[in-house]
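Please open the structure in your viewer and keep the sequence panel at hand. The stops below are given in the order in which they may be selected.

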Amino acid sequence: MITTDFHDGSPCWLDLGAADPAATIGFYAAVLGWEQRSAGPDSGGYTFCTLEGRIVAAVGPESPGTPPRWTVYFETPDADSTARSVRLAGGTVRGGPMDVGAQGRLVHLTDPLGAEFAAWQPGTRAGLEAVDLPGTLCWLELCTSSARDSVEFYRTLFEWDVQRTSMPGDENGRYTLIGTGGTERMHGGIVELSGEQLAAMGGTPYWHPVFAVSDADAASEAVGASGGQVSMGPLDAPGVGRLAVCRDPWDAEFVLLRPEG
């Protein structure tokens, strides 16, 4: 589960670079019920996505040449130290570290296999204000070419707990749970994909968010009705819930999940 009592290595923020931020937020409003709030006159169009007044994600203008993918941020006590560790472990620093006023310090990163992510050193802003509720982030997944190499890299940055498991349809046990506090605080998973599978999804490893919904079928219908695409599902995953893998109209991937129980 994902919580808002953030600490080292826990997911704390989520944003998406968009060619048309207003239209993008409109899509997610239709699917997840989001509203929007400007991040301020000096934010360059960066916009908070809110649900019942609480920030659940953000959308801003896309960077040229950047694929349409959600970016997950992990909390760090020292963004500069994290940047150094990424370089030493074979990753890349794409931007920063840099201050965001008094709110915090961020750095944009890429792991050695090509998945982009970011780290956030909190100042006055700790992170998202609502998670693990319908319409909000409830899980993360890293789709990568090597779960073993990914685990090795991220554990040099964050003291994640790791547990191998099998998911429905995955008899080889290639799903790896990750978290920051034992089995009760797992916040995501690592999915190992073949080269062909990754090629069909853009060619490089990537993180995608899982959003909780109260009705996966209705939310999936809203995806299609609003110009997006349902790539898989909705389907029941025993022990997990009912889920659908989706893409927004600009091809950013996400998952909808009605958690079991």
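Begin by selecting G135, which is located in the loop that joins β8 and β9. The model shown here is a predicted one. Is G135 buried or exposed? Its relative accessibility is 4%, and because buried means under 20% relative accessible area, G135 counts as buried. Next, display what surrounds this glycine. When neighbours within four places in sequence are set aside, G135 is in contact with L32, W34, L51, V56 and A212. Add F211 to the selection and draw a line between the two C-alpha atoms: G135 and F211 are 6.1 Å apart in space, although 76 residues separate them in sequence.

Remain in the loop between β8 and β9 and move to D132, which is found there as well. The backbone deserves attention at this point. Most residues other than glycine have a negative phi. D132, which is not a glycine, has a positive phi near 60°. Its relative accessible area is 33%, so D132 is classed as partly exposed.

A second aspartate may be selected for the same kind of inspection. D251 lies in the loop between β15 (241–247) and β16 (253–259). D251 is not a glycine, yet its phi is positive, at about 85°. With a relative accessibility of 41%, D251 is partly exposed.

Now turn to the peptide bonds. Most peptide bonds are trans. Select G96 and P97: the bond from G96 to P97 is cis, with omega near 0°. P97 belongs to strand β6. Then select G233 and P234, where the peptide bond is also cis, with omega near 0°. P234 is placed in strand β14, which covers residues 229–237.

The next selection is a sheet. In what order do its eight strands run? The sheet is open, its pairing is mixed, and the order is β2-β3-β4-β1-β5-β8-β7-β6. At the edges are β2 (35–38) and β6 (92–100), each of which pairs on one side only. From one strand to the next, the twist averages 30°. Strands of a sheet pair through backbone hydrogen bonds, either parallel or antiparallel.

Within this sheet, colour β1 (residues 11–18) and β5 (residues 70–75). These two strands pair in the antiparallel sense over five bridges. Show the side chains of W13 and Y73 here, since W13 stands opposite Y73 in β5.

Add helix α1, residues 21–32, to the view. Helix α1 lies across β1, β2, β3 (47–51), β4 (54–61) and β5. Relative to β4, the helix runs at about 145°.

The last stop is the second largest pocket, whose volume is about 890 Å³. Which of its 35 lining residues are the closest to the centre? They are D15, Y46, Y73, L106 and H108. Y73 is therefore worth keeping selected from the previous view, as the residue that W13 faces across the strands. Colour by element next: those that give two or more residues to the lining are β1, β4, β5, β6, β7 (104–110), β8 (116–122) and β13 (206–212). Finally, colour the lining of the second largest pocket by residue class, which shows 16 nonpolar, twelve polar and seven charged residues.

Terms used: Residues numbered from 1 in each chain as written. Predicted model: local features only at pLDDT ≥ 70, side-chain atom pairs only at ≥ 80, totals over all residues. Heavy atoms only, no water. Pairing = 2+ DSSP bridges. Helix = DSSP H or I, 4+ residues; strand = E, 2+ residues; numbered from the N terminus. Axes fitted to C-alpha atoms, helices over the stretch in contact; angles between N-to-C directions. Contact = heavy atoms within 4.5 Å. 1 Å grid on protein atoms, 1.4 Å probe; cavity = no way out; pocket = protein on both sides within 12 Å on 5 of 7 lines; lining within 4 Å. Points joined across faces, edges and corners; volume = space filled by probe spheres on them. Nonpolar A, V, L, I, M, F, W, Y, C, P; charged D, E, K, R; others polar. Buried < 20%, exposed > 50% of the residue type's maximum accessible area, 1.4 Å probe, protein only.
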